[in-house]
Each structure stands twice: as structure tokens, then as C-alpha cells.
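Dear colleague,

Please find the structure below, handed over for your consideration. My findings follow it.

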Amino acid sequence: IVSGPAAGVGDCSATVSWETDEPATSRVLWGPVAPLANESTEPGYHKRHAVRLEGLIPGIRYSYRVSTVDAGGNITGTAGAKPRGSHLAVGIYDCAN
């Protein structure tokens, strides 16, 4: 991972973005508590990754971790290939509209 991850938050959704130096898979584990029970992926191999998280609940703080695997099976990450992660807070939105 050469850039990111970063999250852009919208109405009851978020997009987690990052870049890798070679094409790799895109996977985000996420949820409000550990262990992170939700998984979102983007099909294929990419250098620029953007994975959408849907069904977020307003006012809840979520944690997320990204991981990527290249065509050779190498895990892309930091500190011994551990997934990178952070937190995002979903604002107060009316998801019904």
C-alpha cells in the first residue's frame, strides 16, 4: 500500500480508497466492533482501489481494515503485511430519503 487508506463518507455509505504499487485485490473488513464481521470487495486486480461500504447506521463509529493480495499471492500491507486500518464516523443522515 503506497497511499491511503482513506474513507469518504456519504448517506449511510462510505468508500474506502487506497493505492498499491502493483495490481492487487481489494478487500475491506469493517464493522462497529471487533471482530470486524462485514466484508466488502471490489472484483479484479487494481492499483487504485475503491471499495464501497453500504448499510451504515447514522451516528455509529465504524472501524475498517484493508488488505490486498497481488497475482503472486503476496499480501500488500505494512509491518509484516498486517492490514492497514482506521476509523470512520457516519454522520447523522436520514437514510430513508
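Asp 70 is buried (under 20% relative accessible area, 1.4 Å probe, protein chains only) but has no salt bridge (a side-chain nitrogen of Lys or Arg within 4 Å of a carboxyl oxygen of Asp or Glu). The nearest side chain of opposite charge, Lys 47, is 12 Å away; Lys and Arg count as positive and Asp and Glu as negative, with His and the chain ends not counted.

This is a predicted model, in which local features need pLDDT of at least 70 and side-chain atom pairs count only at pLDDT 80 or more, while totals for chains, interfaces and linings use all residues. Residues are numbered from 1 along each chain as its sequence is written, and side-chain values use heavy atoms, leaving out hydrogens and water.

Asp 70 lies in the loop between strand 4 (61-69) and strand 5 (75-76); strands are DSSP runs (E, at least two residues), numbered from the N terminus. A polar atom of the Asp 70 side chain lies 2.9 Å from the backbone nitrogen of Asn 74. Beyond its neighbours within four places in sequence, Asp 70 is in contact (heavy atoms within 4.5 Å) with Glu 22, Pro 23, Ala 24 and Tyr 45.

The largest nonpolar core (buried Ala, Val, Leu, Ile, Met, Phe, Trp, Tyr and Cys residues joined through side-chain atoms within 4.5 Å) has twelve residues, among them Val 16, Trp 18 and Tyr 64. Strand 2 gives the most to this core, with five residues.

Strand 1 (residues 3-10) and strand 2 (residues 13-31) run antiparallel, joined by six bridges. Cys 12, in the turn of this hairpin, has a positive phi of about 60 degrees.

Yours faithfully

Conventions. Two strands pair if DSSP finds at least two bridges between them. Helices (H or I, at least four residues) and strands (E, at least two) are DSSP runs, numbered from the N terminus. Buried means under 20% relative accessible area, exposed over 50%, partly exposed in between (1.4 Å probe, protein chains only). A polar contact is a pair of N or O atoms within 3.5 Å; within protein, one must be able to donate a hydrogen and the other to accept it, and residues adjacent in sequence count only if both atoms are side-chain atoms.
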